[in-house]
There are 2 protein chains.
Amino acid sequence: MNKTGQRLKSTDLIEVLRELGIKTSAQRVAILRYLIDNDSHPSADMIYQDLAPSTPGLSKTTVYNSLKLFAARGLVSELTIDGREQRYDLADPTHGHFRCTTCGNVFDIPVHPEPRFQKFVPSGYQADSYHLYVTGTCPDCVRKKSS
Amino acid sequence: MNKTGQRLKSTDLIEVLRELGIKTSAQRVAILRYLIDNDSHPSADMIYQDLAPSTPGLSKTTVYNSLKLFAARGLVSELTIDGREQRYDLADPTHGHFRCTTCGNVFDIPVHPEPRFQKFVPSGYQADSYHLYVTGTCPDCVRKKSS
DNA sequence: ATTCTTGCAAATCATTTGCACTTTA
DNA sequence: TAAAGTGCAAATGATTTGCAAGAAT
């Protein structure tokens, strides 16, 4: 379920892909829809597990292929937030990530004006993207610990 | 070779470990020295490959064990900067990282007053660490491209 | 029709684990 | 000497690769 609770029309998703020069397929549309509908920063495997029942014949290879392609086209960003596995997120430069070291969940944190990070980049370096990554305890886990 | 070009005495390294409640061993001292002498954000395997010739009998398992222990004690930080493998760095909250997407090298960037990131963290969340991660092109690669 | 995508299985590669042996405090 | 560390080899788990069959333009 996405933020607005509406199910996006496949034709809209197809258009998104076309605009990025990505050939469409039922699988790619399903994966894109999944990313839009879930704020869960999923791994390739999570996507596969969730989609497989409703997407007959979907293979994990295709999930990997599609995500890699989406990332190359700038549609999604690859979060390397956890040592072990790669996580994915719809590309959106206006937020960073907070990872709770207690429950392991990853939360978005708003980081509006990215340009303010420019000053940290030494001259000579050409920055393409900025990402703020914070580690700590989320509200739920803070509560549990204090009770 | 470290920044000052001096070879640190083993007794000093041993003291560092002891202060952190880490039992010492020849391997741990070698790994710590390596981290101090190299600003290369190495992976466990790079450390192993570089140290193996001069550290008879060193095993990759020990490199992993030591790094995990150092990280738990706050001596090093685990950089999850690349999808594939974990990278390590002497802990130092006063810098972020810049990864050149052309040559793959990782550079430190000074990010002095961390507290300035606090404002991005929504209330209720308890932040332990902040890390700014920038992606782009390093000066060397900028030069090569324009020539 | 031609080119790109898919999916299976096998291959890789980083990291972890089990366990007997060695070292440290 | 008790407790912790080490190293080998095997196990695990995520991701990639080769390749034949299927789908899109």
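**Figure 1. Packing of helix H1 against helix H2 in chain B of the predicted model.** In this predicted model, the axes of helix H1 (residues 10-19) of chain B and H2(B) come within 10 Å and cross at roughly 100°. H1(B) and H2(B) are therefore roughly perpendicular to each other, since angles of 65 to 115 degrees are placed in that class. On the side of H1(B), the contact is made by Ser10(B), Leu13(B), Ile14(B), Val16(B) and Leu17(B), while H2(B) contributes Arg28(B), Val29(B), Leu32(B), Arg33(B) and Ile36(B). Sorted by class, the residues of this contact of H1(B) with H2(B) comprise seven nonpolar, one polar and two charged.

**Figure 2. Packing of helix H2 against helix H3 in chain B.** Helix H2 (residues 26-37) of chain B also packs with helix H3 (residues 44-51) of chain B, here at an angle of about 110° and with the axes 11 Å apart. At that angle, H2(B) is roughly perpendicular to H3(B). From H2(B), the residues Ala30(B), Ile31(B), Tyr34(B) and Leu35(B) meet Met46(B), Ile47(B), Asp50(B) and Leu51(B) of H3(B). The contact of H2(B) with H3(B) has seven nonpolar residues and one charged residue, with no polar residues.

**Figure 3. Packing of helix H2 against helix H4 in chain A.** Chain A contains five helices and five strands, which follow one another along the sequence in the pattern α-α-α-α-β-β-β-β-β-α, and its C-alpha trace spans about 50 × 45 × 30 Å along the principal axes. Within this chain, helix H2 (residues 26-37) and helix H4 (residues 60-72) pack at an angle of about 70°, with their axes 10 Å apart. This angle makes H2(A) roughly perpendicular to H4(A), and H2(A) passes H4(A) in a right-handed crossing. The residues that H2(A) brings to the contact are Gln27(A), Arg28(A), Ile31(A), Leu32(A) and Leu35(A), and they meet Thr62(A), Val63(A), Ser66(A), Leu67(A), Leu69(A) and Phe70(A) in H4(A). By class, the residues of the contact of H2(A) with H4(A) are seven nonpolar, three polar and one charged.

**Figure 4. The protein surface near DNA strand C.** Around DNA strand C there are 16 residues, of which Ser25(A), Gly57(A), Thr62(A), Tyr64(B) and Gln86(B) come nearest. Of the atoms of DNA strand C that come within 4 Å of the protein, 82% are accounted for by sugar and phosphate. An N or O atom in the side chain of Gln27(A) is 3.1 Å from a sugar or linking oxygen of DNA strand C, whereas a polar side-chain atom of Thr61(A) lies 3.2 Å from a base nitrogen of this strand. From chain B, the side chain of Thr24(B) has an N or O atom 2.9 Å from a phosphate oxygen of DNA strand C. The elements that give two or more residues to this surface are H2 and H4 of chain A together with H4 of chain B. The surface near DNA strand C has two nonpolar, nine polar and five charged residues.

**Figure 5. The protein surface near DNA strand D.** DNA strand D is surrounded by 15 residues, and the closest are Tyr64(A), Gln86(A), Ser25(B), Gly57(B) and Thr62(B). Sugar or phosphate supplies 80% of the atoms of DNA strand D within 4 Å of the protein, and the rest belong to bases. A polar side-chain atom of Lys23(B) lies 3.5 Å from a sugar or linking oxygen of DNA strand D. Phosphate oxygens of the strand are approached by Ser59(B), through a polar backbone atom at 3.3 Å, and by Thr62(B), through an N or O atom of the side chain at 2.4 Å. Two or more residues of the surface near DNA strand D come from each of H4 of chain A, H2 of chain B and helix H4 (60-72) of chain B. By class, the surface near DNA strand D has two nonpolar, eight polar and five charged residues.

Conventions:
Residues numbered from 1 in each chain as written. Chains lettered and ligands numbered in written order. Heavy atoms only, no water. Axes fitted to C-alpha atoms, helices over the stretch in contact; angles between N-to-C directions. Helix = DSSP H or I, 4+ residues; strand = E, 2+ residues; numbered from the N terminus. Parallel < 35°, antiparallel > 145°, perpendicular 65-115°, else oblique. Left-handed = near helix turned anticlockwise from the far one by under 90°. Contact = heavy atoms within 4.5 Å. Nonpolar A, V, L, I, M, F, W, Y, C, P; charged D, E, K, R; others polar. Near = heavy atom within 4 Å. Polar contact = N/O pair within 3.5 Å; in protein donor to acceptor, adjacent residues only side chain to side chain.
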